[in-house]
Amino acid sequence: MSFIKLLVPGLTLAITLLCSPWLSESPRAAAQLSAFNIDSGHWGGEHRIFLTLGRKPAVGREYFSSDEFDLSLNGVPEFQFRIKPLGPQNPLHLRFLLPFGELAESLMDEIREPIANRILQNTPSTKYSLWKNGVGEIELAEPGEFPEELTVAGEFPESELSHLLVEASRDFTSDDSLRALMVFIPDLKSLEKEGRYFSVQLRDLLRRKQVLPWFISPTAPSDLLKKELGRMGGGTVQMVPGEFSKTFENIQKHLLSHYVLSHQPSWIGNVPYLLELKFRNEQQPFIREVIDPGKILPESKEPYPIIAIFLVFLVSLMLVILLWWFRRPRASTSGKIGFVILNPEEKFRFLEMPEKVKNFEFLNELKTRQELRLSSNLNRVNITKQQKTFLIEDKNYKNALLINRRRSHKTLLCNNDVLDVGELVLLYKNPEAPPQQNRKAPIRDKVTPVPGNKPKGPLRRDTPVLNFNGSRQEFPLVRNIITIGSSSMNDMVLNSDEVASKHARISRIGGRWQLQNLSLQEFTMLNGRRIEQRILRDGDEITIGDAVCRFKLERSDSNSKSPNKKESISKAG
């Protein structure tokens, strides 16, 4: 007895645990995906899915909202989605197929008037219609004008029924509605046979057309037929005499309980994905299904498969590589020094450097296909042979050319340097020239001021000085205005062809010193930048022509007098 007492609770617990999955899933058994509208989603467009939730909202509410759901695509949460009930924007379209077949006269009288009244009372959310193969949609003007096709006897072999479903599905006009085909069949046993009732192609067609097939018959359907229609979002209803109106109302309520799920895939192409939808306060999804857009989309609009896209991409890439190969800049194979014209319309032809060249004026004689405009004053861009290559010196006030997309007054050309001469683009080719990474700064002459009259008396320690490269001597600024140039009339004379006769001026303004460019032909630079006028700071580097000096506010201690000795102040000249 003790064993039996323990066995009965144990069996009860085991049966409960084994049946718990079915028990827990029973409230969600009616939730399913019914139809799809992803014709606009070939390449990342919107996917619209019609579905039933299998439950009703809380008391006092008519519909669920999108905020109550969580959507996941391939296990990744999706936040940009909408769930809306059927309405004017997503209507329901019910279509009755003709003929009805050999139904009893009593049933014919019972279904004729309710159907006619609904067809004449279309609403923005629901539309009713009659349809016959070869005729199309049949319109009714009054309930009494019911077409005679309803009473015509007919049979529904499976081949004819499939054909009717296909033709009736293709005849729908709206792409945003949920469609239902109502088929009246006298005897469902005439459809029974081994295997499936409908082909895979027919099921996919009905799904992508948003069509749900419903069979209405006085005979009871088989379990296999219920399963087949349920997989397509439809169903079967057994008519009972005197209850057709109630039966039809139940079908309509079920169809109007559908929602439309809209989301925007983040990928391109018809890629199968796993869709999971659940309520926000629940752990398990009530809908979990793999959606394959490639099988749902119509064959006439089927986009290219991924393999075909990859092949097209591969062929395009090869064509681009071949195009680059034939149009790439070609270096001179003869070892000559010159330039490759990079302008595509010139077909990358080679331009040899002339012998005994002195400047870039030879480019003015170059004939181009598009008559490219060149920079002016190319005769002032000198070319000097140096270090197995050439030194470029641009003597224009505004540079006539750019080297590697930068302005430069003096540059030693390296192999593969790019020169912009107006609209003409040149690539310098010289195998013996140093590479760009080993570029050396151009050799500057050690230009220093000509020794002039020394200032009388000792100088203050805070007297500003100029320290020129190549000289250890300091040149004090003992006047409030000091002119610099190659003329002997200047306070500071620089003997160089790169220095104008009156090139620059350094003047004292208040307690600060200002550098000003006076030449229209040559340049003055401060810390590597061309300037016209700028306040000087301690340690600034000044470039005047090819002379480089550094401005210091105080003289060095080695040249200063003892601090105990009284310093004299030189008068401003």
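These are my notebook entries on a few strands and how they pair.

**Entry 1: before starting.** I am working with a predicted model, so I read every contact below as part of that prediction.

**Entry 2: strand 22.** I began with residues 418-421, which make up strand 22. Are its two faces buried or exposed? I found both covered: Val418 and Asp420 are buried on one side, and Leu419 and Val421 are buried on the other. That split fits a rule I like to keep in mind: in a regular strand, side chains alternate between the two faces of the sheet.

**Entry 3: neighbours of strand 22.** Next I looked up the pairing. Strand 19 (residues 402-403) runs antiparallel to strand 22, joined to it by 2 bridges. Strand 23 (residues 424-429) is also antiparallel to strand 22, with 4 bridges between them. I then followed Asp420, the buried residue from the entry above. Asp420 is the bridge partner of Leu402, and in strand 23 its bridge partner is Val425.

**Entry 4: the turn.** How many residues lie between strand 22 and strand 23 in their hairpin? I noted 2, and Gly422 in that turn has a positive phi of about 70°.

**Entry 5: another sheet.** I moved on to an open sheet of 5 strands, ordered 27-26-28-29-32, with mixed pairing. Its edges are strand 27 (492-493) and strand 32 (533-535), each pairing on one side only. Within this sheet I checked strand 28 (residues 504-509) against strand 29 (residues 512-517): they are antiparallel and share 6 bridges. For one concrete pair to look at, I picked Arg508, whose bridge partner in strand 29 is Trp513.

Technical notes: Residues are numbered from 1 along each chain as its sequence is written. This is a predicted model: local features need pLDDT of at least 70, side-chain atom pairs count only at pLDDT 80 or more; totals for chains, interfaces and linings use all residues. Side-chain values use heavy atoms; hydrogens and water are left out. Buried means under 20% relative accessible area, exposed over 50%, partly exposed in between (1.4 Å probe, protein chains only). Two strands pair if DSSP finds at least two bridges between them.
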